[in-house]
Amino acid sequence: MKKKNHRMLLLGSLAVAVTLSISACGNKTSNLQKDHKATSASEETSVSNVSTVADNVKAGTDEIPMLTLPEGITGMKAETKPFKELRDLIIEDMVVPEDYYETTHYFYNYIDLNDDGKNEIFAMVTGPYTSGTGGSSALLLSENGGKLHITQEFTLVNEPIIVSDTLDNGYHDLIIPYYSDNKTQYSVLKYNRQAYPNVPDGEIIDHLDGVKGKAIIANDRINEVQTGIMGLSLLDK
């Protein structure tokens with residue numbers, strides 16, 4: 001996707017405040033949690049309930065447990081270390097103006113999508129310049145010759161991103177929350193030998209029953225934002 005087209009897709013979202021984006025995300029996350037009762041399948045997801053802000057303040061910690069996930073899906077929160085090369089690629093690819101650095105945040109995880117023993121990086125970018133009520137922008141990256149390269153761009157991405165145990169054409173399916181007509185659904189993106197489809201073009205399913213895999217960027221962003229945890233800022237180098 002060309003940078004110009006990317007900016008056109010996001011044009012209607014530029015004036016959307018980051019609080020609106022987080023609020024929309026909060027409503028959607030609540031729906032996901034209501035649709036699927038928590039079952040702790042492994043130590044990675046062994047949280048009985050998502051802690052409230054008050055609980056964390058009382059405990060004297062700003063650490064917010066990750067989202068509660070359906071049975072069969074383990075998860076991990078986004079990395080917390082600033083990644084300068086990734087940060088610079090986001091600014092260059094999405095043509096983020098310097099005025100938006102402070103309000104643009106990114107979340108990323110390492111994940112091996114084609115089982116070749118080498119991790120790819122999936123990064124989601126949030127804020128008034130890169131997000132709208134339908135979701136946020138995201139990048140899939142790989143490392144080659146010691147440098148990061150963007151292999152695919154996405155829009156309308158919501159977290160958590162589920163990396164299914166199911167493979168198509170050698171790559172794990174990606175399952176992304178998709179919201180239409182106030183209904184929580186999921187878009188299954190199957191690799192087509194060249195790339196993953198766009199989120200609206202995936203196979204739409206109504207629930208995650210029977211899905212097995214790992215969820216990345218499984219942060220509870222509602223509670224994190226309330227405690228001032230916004231993700232990695234483009235100001236961070």
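Trainee: How many salt bridges does a search of the whole structure find?
Mentor: This is a predicted model, in which local features need pLDDT of at least 70, side-chain atom pairs count only at pLDDT 80 or more, and totals for chains, interfaces and linings use all residues. Residues are numbered from 1 along each chain as its sequence is written, and side-chain values use heavy atoms, with hydrogens and water left out. With a salt bridge taken as a side-chain nitrogen of Lys or Arg within 4 Å of a carboxyl oxygen of Asp or Glu, the search of the whole structure finds eight.

Trainee: How many residues apart are Glu63 and Lys77?
Mentor: The side chains of Glu63 and Lys77 form a salt bridge, 2.9 Å from N to O. Glu63 is in the loop between helix 3 (53-59) and strand 1 (73-75), and Lys77 is in the loop between strand 1 and helix 4 (84-94); helices (H or I, at least four residues) and strands (E, at least two) are DSSP runs, numbered from the N terminus. The pair thus links distant parts of the chain, and the two residues are separated by 14 residues.

Trainee: Which residue is linked with Glu63 and Lys77 in a network of salt bridges?
Mentor: Glu63 has 49% relative accessibility and Lys77 has 22%. Both count as partly exposed, the class between buried (under 20% relative accessible area) and exposed (over 50%), with a 1.4 Å probe and protein chains only. The network that holds these two also includes Glu224.

Trainee: Is Arg87, the partner of Asp88, buried or exposed?
Mentor: Arg87 forms a salt bridge with Asp88, with 2.7 Å between the closest N and O atoms. Asp88 is partly exposed at 28% relative accessibility. Arg87 has a relative accessibility of 7%, so Arg87 counts as buried.

Trainee: Which residue forms a salt bridge with Glu159?
Mentor: Glu159 is in the loop between strand 6 (147-157) and strand 7 (161-168), and its partner is in helix 5 (residues 221-226), so the pair ties together parts 62 residues apart in sequence. Glu159 is buried at 4% relative accessibility, and the partner is buried at 6%. The closest N to O distance is 3.4 Å, and the partner is Arg221.

Trainee: What is the volume of the largest pocket?
Mentor: A pocket is an open set of points on a 1 Å grid over the protein atoms alone where a 1.4 Å probe fits, with protein on both sides within 12 Å along at least five of seven lines; lining residues have an atom within 4 Å of a point. Grid points are joined across faces, edges and corners, and volume is the space filled by probe spheres set on the points. For the largest pocket this gives about 360 Å³.

Trainee: Which residues lining the largest pocket are closest to its centre?
Mentor: Strand 3 (120-126), strand 5 (135-144) and strand 6 each give two or more residues to the lining. Of the 19 lining residues, the closest to the centre are Asn119, Glu120, Ser142, Glu143 and Thr151.

Trainee: Which strand gives the most to the largest nonpolar core?
Mentor: A nonpolar core is a set of buried Ala, Val, Leu, Ile, Met, Phe, Trp, Tyr and Cys residues joined through side-chain atoms within 4.5 Å. The largest has 21 residues, and Phe122, Phe154, Val157, Ile161, Leu174, Tyr196 and Ile217 touch the most other members. Strand 2 (105-111), strand 3, strand 5, strand 6, strand 7 and strand 8 (171-180) each supply at least two residues. With three residues, the strand that gives the most is strand 8.
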